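Hello,

Here is the structure I said I would pass on. My notes on it follow below.

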Amino acid sequence: MRKVTKIILIAAAVLLAACLISIWISYYWLTVSCFTVASEKITSSFRIVFVSDLHNHQFGSGNEKLLQKIREQSPDLILLDGDMINGDSENADVVLNLIPSLKEIAPVYYSLGNHEYEYIEAGHEELWEQLEEAGAVVLNHRIEDVEINGNRIRLGGLYEYGFETSMQSEKDNREAVSYLEKYVDTDRYLIMCAHRPESFYPWDYADTWGIELVLSGHLHGGQVILPGVGGLYNPLDGFFPKFDYGQYQLGDSDMIITRGLSSDPKALPRFNNPPEIAVVDVTPE
């Protein structure tokens, strides 16, 4: 009996240690995931690095480990796709200090997530201005036409739903639709930063609008990733969702959902879910 008890205790200790190691890896072991999308509108390849859901986390002093990983990718532009802070943060210093260093690597664009909006609503109305003073272009409800390696690109950002729904107010819906009508009125290659992927994936709405590439975060890869199964949960679809992380085809549109870099400290710990830097190579078709 003592031998059996000892075996059980050893097995339990090994399992606990493995769980703790997996949680540590899920917050500190930076990984790079590479994706490729192609379009007939593209004449020469360019590279995007996009990251999301930092939640004030730091990878080394001043986020130097994160910066070094991004430098190694040699991006042509960098997109920060929301929830880089926490809604209850006292300040936004972590991301505000990160942006100038990122801008030394490539132009920086920022799309607000739910935590940025919560932070603003908590009395920090200056955030948008601070982000731009730090060197980022905030994309929400904004149209930015840029030239990258000879390609004509239009960048945009949307937090609301890109379709009619009772889940947002009539005013929000009207403003989102009005913005999208202007945004898609071009022959440029369209890249939309939408922190919440459900802004566009129901009913392939990215394809309905003719948006070539949607970049999202928010889902934290399902928070817990089960081997051979995928993400455990997403807030819209519930358990074992179709959408958790990776690359998806929405009609003729591409959507890439990053697992993100961290999580809200109040959330269930990430598990088997290393922090992710997403690299997207956009190439000629």
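**A residue at the surface**

F239 sits in strand β13, which covers residues 238–239. Please keep in mind throughout that this is a predicted model. F239 has a relative accessible area of 56%, and because the cut-off for exposed is over 50%, F239 counts as exposed. Together with V229, Y233 and F240, F239 makes a nonpolar surface patch of about 450 Å².

**The loop between β15 and β16**

Strand β15 spans residues 253–257 and β16 spans 276–284, and R270 lies in the loop between them. Which side chain of opposite charge is nearest to R270? That is D53, at 6.8 Å, and R270 is buried yet has no salt bridge. A salt bridge needs a side-chain nitrogen within 4 Å of a carboxyl oxygen, so the distance of 6.8 Å to D53 does not qualify. What the side chain of R270 does reach is the backbone oxygen of S26, at 3.1 Å.

Leaving aside residues up to four places away in sequence, R270 touches several others, among them I23, Y27, H220, Q223, R259 and P275. S262 is also on that list.

S262 belongs to the same loop, between β15 and β16. With a relative accessible area of 3%, which is under the 20% limit, S262 is buried. Again not counting residues up to four places away, S262 touches Y27, D53, L54, H55, H57, H220 and R270. Y27 and H220 are therefore in contact with S262 and with R270.

**Salt bridges**

How many salt bridges does the model have? The count comes to 12. Some of them are described here.

- R259 and E276 meet through their side chains, at 3.2 Å from N to O. R259 lies in the loop between β15 and β16 and E276 in strand β16, so this pair ties together parts that are 17 residues apart in sequence. Both R259 and E276 are buried.
- D145, E147, R154 and R188 are joined into one network by salt bridges that share partners.
- E198 pairs with R196, with 3.5 Å between the closest N and O atoms. E198 and R196 are both buried.
- E64 pairs with R71, with 2.9 Å between the closest N and O atoms. Here the partners are partly exposed: E64 has a relative accessible area of 36%, and R71 is at 33%.

**Helix α3**

Helix α3 runs over residues 93–103, and its buried residues are V94, V95, L96, L98, I99 and L102. An α-helix has 3.6 residues a turn, so residues three or four places apart point the same way. What do the buried residues of α3 pack against? Their partners are two helices, α2 (64–72) and α5 (127–134), along with the strands β3 (77–80), β4 (108–110) and β5 (136–138).

S101 is also in helix α3. Is S101 buried or partly exposed? Its relative accessibility is 23%, and because buried means under 20%, S101 counts as partly exposed. S101 and D281 are 180 residues apart along the chain, and their C-alpha atoms are separated by 22 Å.

**Where to look**

If you want a place to begin, open the loop between β15 and β16, where R270 and S262 are found. After that, turn to the patch made by V229, Y233, F239 and F240.

Regards

Key. Residues are numbered from 1 along each chain as its sequence is written. This is a predicted model: local features need pLDDT of at least 70, side-chain atom pairs count only at pLDDT 80 or more; totals for chains, interfaces and linings use all residues. Side-chain values use heavy atoms; hydrogens and water are left out. Helices (H or I, at least four residues) and strands (E, at least two) are DSSP runs, numbered from the N terminus. Buried means under 20% relative accessible area, exposed over 50%, partly exposed in between (1.4 Å probe, protein chains only). Lys and Arg count as positive and Asp and Glu as negative; His and the chain ends are not counted. A polar contact is a pair of N or O atoms within 3.5 Å; within protein, one must be able to donate a hydrogen and the other to accept it, and residues adjacent in sequence count only if both atoms are side-chain atoms. Contact means heavy atoms within 4.5 Å. Patches are made of residues with over 30% relative accessible area and no salt bridge: like charges are joined within 9 Å, nonpolar side chains (Val, Leu, Ile, Met, Phe, Trp, Tyr) within 5 Å. Accessible areas come from the Shrake-Rupley method with a 1.4 Å probe; for residues, only the protein chains shown count as cover.
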